[in-house]
Amino acid sequence: MPLDDTTVRVYSIIFVAITAVLIFTARFFHARRSRRSTGQGAAGFERMPGWIGQGIETGRPLHLGFGGAAIGSEKTPIAAAEAEFFYHIIRATQSSDSAPLISTSSAATVPLAQDTIRRAWQGDPQWKQAQWYPQGDRSIAYAAGVSAMMGVDEPAGHVLAGSFGPELALMLNSAEQLGQGTLAVSDQLDGGAVAFAMADEVLIGEQMFSAAAHLSTDTTALADARVSDVWRGLLIIGLSILLLINLSAQLASVSGTLVLAAALGLLVVSALLFRRS
Amino acid sequence: MTDDFSWLDYEDEDTAADAKRPSRLSGLRRLAPGFLRRGDSSAAESPADEASPGRLRRMFGALPAFIGRFRRARSEVSAADLALQRGERPIEDLDDRLQALRQRSSAHPDSAAESTGQALYDVDDVLVTPEIIHRPGGVISAVALSKAQQEQVALLRDMVGGSAQTGEAEPSSRRIFRPRSGFSLDAAPQLIGSMLLLLAIALPFVSSDFREGELPPSEFHEDRHGVSTAYSLLDNLSRDDFVLVAFEYGPTAAGELDPMADIILRHIMAQGSTPIIVSSNPIAVSHARNVIAKIERSVAPAAISFEESRDYYLLRYLSGGALGLRDLSENFDSIIRFSSTGKATGLGLTSLNDLTLMVVIAERADAIRNWAEQVAPETETKLIAATGYAAQPLSQPYVDGSDEIIGLIVGIRDVYTYGEKLGAIYADYTPDPGRVVEQPTATRTPTATATPTETATETPAPTETPTPTATEIEPEALPLGAGPATAAPATVEATLTATATAPPAAVVPSATATTALIEVIEVTAGGLVNIRREPNTTSDILGVAEAGDVFEVIGGTDDGSWINFLMADDIAAWIAEFLVDQYQMPLDEFRAVESASVGSAQSVLRVEFPLRLGKNRPRLYQVDPPGSPERPEIVLLRDRRHEIAQLDAMTLGAIAAILIIVTGNVFYAMRGLLQRRRGPDGQ
Amino acid sequence: MRRMGIAFSASVAFAVGVLTLISLLLGDHPELYGNVAGAEIWAGLLALPAAVLLRLVTLTVAVTIVIGIVNLLHVHAGRGLRRQFYSIVMIASFAFTMYWYLTRQGDTSLLAAVQVPIESALAALLFLSMAQGGARVMKKRADIWGLLFVTVMVIVLLGTLPLPALAPLREWSDWLMDIPVGAGARAILLGIALGTVVAGVRILLGQDRSYRG
């Protein structure tokens, strides 16, 4: 049953308000808790320490790519989330002589990239560490520029987190040829598929927003990730209930008790999975 | 901030920002200048950092030869390199962090002191092997203990006699950076695969023998994503309709989507409708201009030409992605006022509802989603989506789940079907011979041959007239602001286009013209040019003329830069000399031509005051276009030579790709299984 | 002083963010106000801030292209000085294109003659890269997920071929794309959407790191 525009707007307001309350609440509780280890051994991050270590010891930079995640567009939150992710990675590379390189295909994101380096890197970063290659969401020119940079600057590894389409294949192929490690995640499904097939490490979907929480014990990042988890859990439960209602309507001959038992079982499994995640 | 990064702790964010250290060389750099890369030459050239083998020997005594064997490639991490290149420097000169590291290392009593005495009797004074410290925390603690580094630590321990106690330092299969050079056997499968793919794609263009698969049907499938309905909507446009065409693709997708844009634009314009092109991609706006120019070049032999802001409109790029589209839906009336070149369009539409149809040609599903979410809900005008194969699976849900989007035209197979349908519609069409245009030389030369009594006159050479770009009246700016030059006889074509209702034969010189000659001017500049009250660019504009218009000359300025002539309603007016050609013409022929010319201000123009823009005078816009092209040639002259070869290349390319993918994965799966059976030691 | 600056910038961000959100959600929709007197006027007024601010954003984003160009030239000028061939070519091409455009305003023939062929060629290279990447999936992920990925990829690719012998596979391919792949895609997109909302609210509340000075 489609909702009318007014109802959607009201629900949107309620949703945003609850999210804001959840964020504050989660931060409050996480701040009270002692620090806890988060990211060690997490899938997708196993090889990154190796690249960072290699970069530190050989004086080679790490390359971080935003792709088409652009400030000032609908992808602003993605750009902000990846900037947070990159911030923690850069903090981790401080012992290196080479400041990391950040690339973007959105000119509006260049200031964000420079700001991220400025905050995270305690050395003396040069503005050229943030590099723009034109232009747009599916920019082959960007992919070509980054591929060329791989040969020139010889980064120890590449963290490509942002908005990438199939052009990601060019960059990952170049990195493979040069023996450089890659971690990739994209908000675009085709970019995500390419990342899964070709990157050394891959994050999928909403992991791009929780990546920062994996790399630090920063309570704010943890809290944000937790709120996202809560919403996801609620969504799964809600969809499961709807599915069961639909099934029970279609299978009227099946006893109500059986459907109820299945529903409870599904809820328990969901809760367990959620707890494990 | 509470980040914990073990013994490479960095300072808290706030304090770090306040107390930034100056540019520094890390201890490792000082220890190992050989690792400095070419981009860091300034640091490498520092005398303090240069390694001195002589001093090294003094420091280490006789350096064991086996250490040299541990040297690896430049960019690899090698403990032996560290040892070889270490300079003799007092400990207090070391970086603070290295001093702290050394102290911590020394603080662990279980160092390998006793065992080092056997292999490297004096090295243990300098290199004290630390115990590996396991501490929880973020990624940095793992940096200190990464497997790659653990290998190096193990190596170092071996060298100095310590036992590898890391516990986790298993042999790692992790790659260490090793730039490849030259041809290697590893690259052979890739090379062979690439060659196979290229061959598969190229063969259909070489010979028709390599054709595989069925051609697309000549009718759209009725129930497939509403594509049939979309075609019907496009086919039912009429002369006064405006269609918003969004070019949401860049040069990357031109190969696949240009044919789609081409056929949709042709279909729209062949029915006399007017496309309004818009994009949220800045390059796509320019690319759209090229697509139109290509269409125009193809139909030039049929004497059809298009003029921007009359036959089509090209709006400015919409910045901000989805925000730009939202801006379009909310401020449509103001956005359509200006073209991509910043000139006024003169369009009188006020909202998206004034459009008959919207078509989005997009290379990415996100673009279709943005149009579906930001624009389509704000209007009752229907939206048709067109895209390539890559974006189809993700675009389809938006089309299926949206009431506003009618259909999804996909890839070159649908373009083929589209072309077949249009071809069938115009199959019986035969070009009207009366519309065939004469060459410009034929237009100009008779004045010299049929009038023996007059003095010899200059025979103007045919000029290459730039394709007009805007109707805003800025005569001085027009030659610069014009679009790509067309080699076709555009002067005459423009005349015909402008006077679609007038018999073109009027332009063709009559062989029987024997009456007295009069001095005339013919406008040759592209676009609309100003006709002024006085011979200067600041005087009032009385009207406009366009290429091909002919007027009777009555005088001119002394320097010849302005020409005085009579407009159609006998009003004396002035025009700049460089915009026209001046020659002689028989009077009766002139009368015939004059009636076809559009020199009357009242019939052509209306005055608007859209924006002052610093000029306190009205801008004039064309309100009654002399006639948009409405001809089947626009469709029929489409280049379809490589269409079938493209389809075959796509099929063969996909077959080759499947072969490569299957072969490659079977190979790697088998290799993986074999390696597992052999175990980690390869036995 | 610095902390005051941070507080001020965060406050401005918060105020503008909330205002825009409210304006977008409640503006121009008098039906949301029920029977409040003058609902039309209030709704119209409330729509103004979003309209103005969004217009500002689109203009600002358009201007940032200048930042990109300056950055591009800065990076490649440095490399050019170190005699990096491609950087020198890039700068020379930039200068030539600028000259071309300024002297032949509106002429897009360079785009048609240079950029489109080059980018099309790169897109063709992309096909090769993806085919090679597809062939190496089991090298990177020799597990059940890798196998599943390759199997689905091959079935879907076979389903696209216009060969009569493969007609039955088209049904499989369509089913795969419509049901399992569609469900997975929606699940991933939902996750991204939730993450986007949380990140957006964090920015809206002035909690993003860039507001912290």
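**Close-up views of a predicted complex**

**View 1. A pair of residues facing each other across two strands of chain B.** Glu522(B) stands opposite Val550(B) in S10(B). In this predicted model, strand S7 (residues 517-523) of chain B and strand S10 (residues 550-556) of chain B are joined by three bridges and run antiparallel. On its way along the chain, S10(B) also pairs with strand S11 (residues 562-566) of chain B, in the antiparallel sense and over four bridges. Within that pairing, Gly556(B) has Ile563(B) in S11(B) as its bridge partner. S10(B) and S11(B) form a hairpin with five residues between the strands. Gly560(B), in this hairpin, takes a positive phi near 80 degrees.

**View 2. The open sheet of chain B.** Six strands make up an open sheet in the order S3-S2-S1-S4-S5-S6 (chain B), and the pairing is parallel. Strand S3 (313-314) and strand S6 (405-410) of chain B are the edge strands, each with a single partner strand, so one side of each has no neighbour in the sheet. At one of these edges, strand S5 (residues 383-387) of chain B is joined to S6(B) by four bridges, and the two run parallel. Ala385(B) has Leu408(B) in S6(B) as its bridge partner.

**View 3. Helices packed on the sheet of chain B.** Helix H17 (residues 365-375) of chain B packs on the sheet and touches strand S1 (242-248), strand S4 (357-362), S5 and S6 of chain B. The direction of H17 makes about 155 degrees with that of S4(B). Helix H18 (residues 392-400) of chain B lies across S5 and S6 of chain B and runs at about 165 degrees to S6(B).

**View 4. The largest nonpolar core and the surroundings of Val360(B).** The largest nonpolar core has 204 residues. Those that touch the most other members are Ile264(B), Val359(B), Val360(B), Ile361(B), Trp371(B) and Ala385(B). The largest share of this core, eleven residues, comes from helix H3 (residues 76-92) of chain A. A second, separate core of 22 residues includes Val523(B), Ala525(B), Phe565(B) and Phe590(B). In soluble globular proteins, nonpolar side chains tend to be buried together. Once neighbours within four places in sequence are left aside, the contacts of Val360(B) are Ala246(B), Glu248(B), Ala367(B), Ile368(B), Trp371(B), Leu383(B), Ala385(B) and Ala386(B).

**View 5. Two residues with positive phi in one loop of chain B.** Ala303(B) lies in the loop between helix H14 (282-299) and S3 of chain B, and Ser309(B) also has its place in the loop between H14 and S3 of chain B. Phi is near 60 degrees for Ala303(B), a positive value in a residue other than glycine. Ser309(B), likewise a residue other than glycine, has a positive phi near 65 degrees. Are these residues buried or exposed? Ala303(B) is buried, with 24 other C-beta atoms within 10 Å. Ser309(B) is buried too, with 25 other C-beta atoms within 10 Å.

**View 6. Chain C and the side of it that touches chain B.** Chain C has nine helices and zero strands. Of its 213 residues, 28% count as buried. Among contacts in chain C between residues at least 6 apart in sequence, 35% join residues at least 24 apart. At the interface, 42 residues of chain C are in contact with 46 residues of chain B. On chain C, at least two residues of this side come from each of helix H2 (39-63), helix H5 (109-135), helix H6 (137-140), helix H7 (144-160) and helix H9 (180-204). H5(C) gives the most, with 13 residues. The side of chain C that touches chain B divides into 26 nonpolar, eleven polar and five charged residues.

**View 7. Confidence in chains B and C.** The predictor gives the complex an ipTM of 0.85 and a pTM of 0.68. The mean pLDDT of chain C is 85, and 98% of its residues score at least 70. Among the elements of chain C, the lowest mean pLDDT (82) belongs to helix H1 (residues 2-26) of chain C and the highest (92) to H7(C). Chain B has a mean pLDDT of 67, with 53% of its residues at 70 or more. Over residues 83-88 of chain B the pLDDT is below 50, and this stretch has 17 contacts in the model beyond near neighbours in sequence. Residues 162-181 of chain B also stay under 50, and the model has 44 contacts for them beyond four places in sequence. Where pLDDT is low, the predicted coordinates should not be read in detail.

Definitions and conventions. Residues are numbered from 1 along each chain as its sequence is written. Chains are lettered from A and ligands numbered from 1 in the order in which they are written. A residue is buried if 20 or more other C-beta atoms lie within 10 Å of its own, exposed if 12 or fewer, and partly exposed in between; C-beta atoms are placed from the backbone. Two residues are in contact if their C-beta atoms, placed from the backbone, lie within 7 Å. Ala, Val, Leu, Ile, Met, Phe, Trp, Tyr, Cys and Pro count as nonpolar, Asp, Glu, Lys and Arg as charged, and the others, Gly among them, as polar. A nonpolar core is a set of buried Ala, Val, Leu, Ile, Met, Phe, Trp, Tyr and Cys residues joined through C-beta atoms within 7 Å. pLDDT is the predictor's confidence in each residue, from 0 to 100. Two strands pair if DSSP finds at least two bridges between them. Axes are lines fitted to C-alpha atoms, for helices over the stretch in contact, and angles run from 0 to 180 degrees between N-to-C directions.
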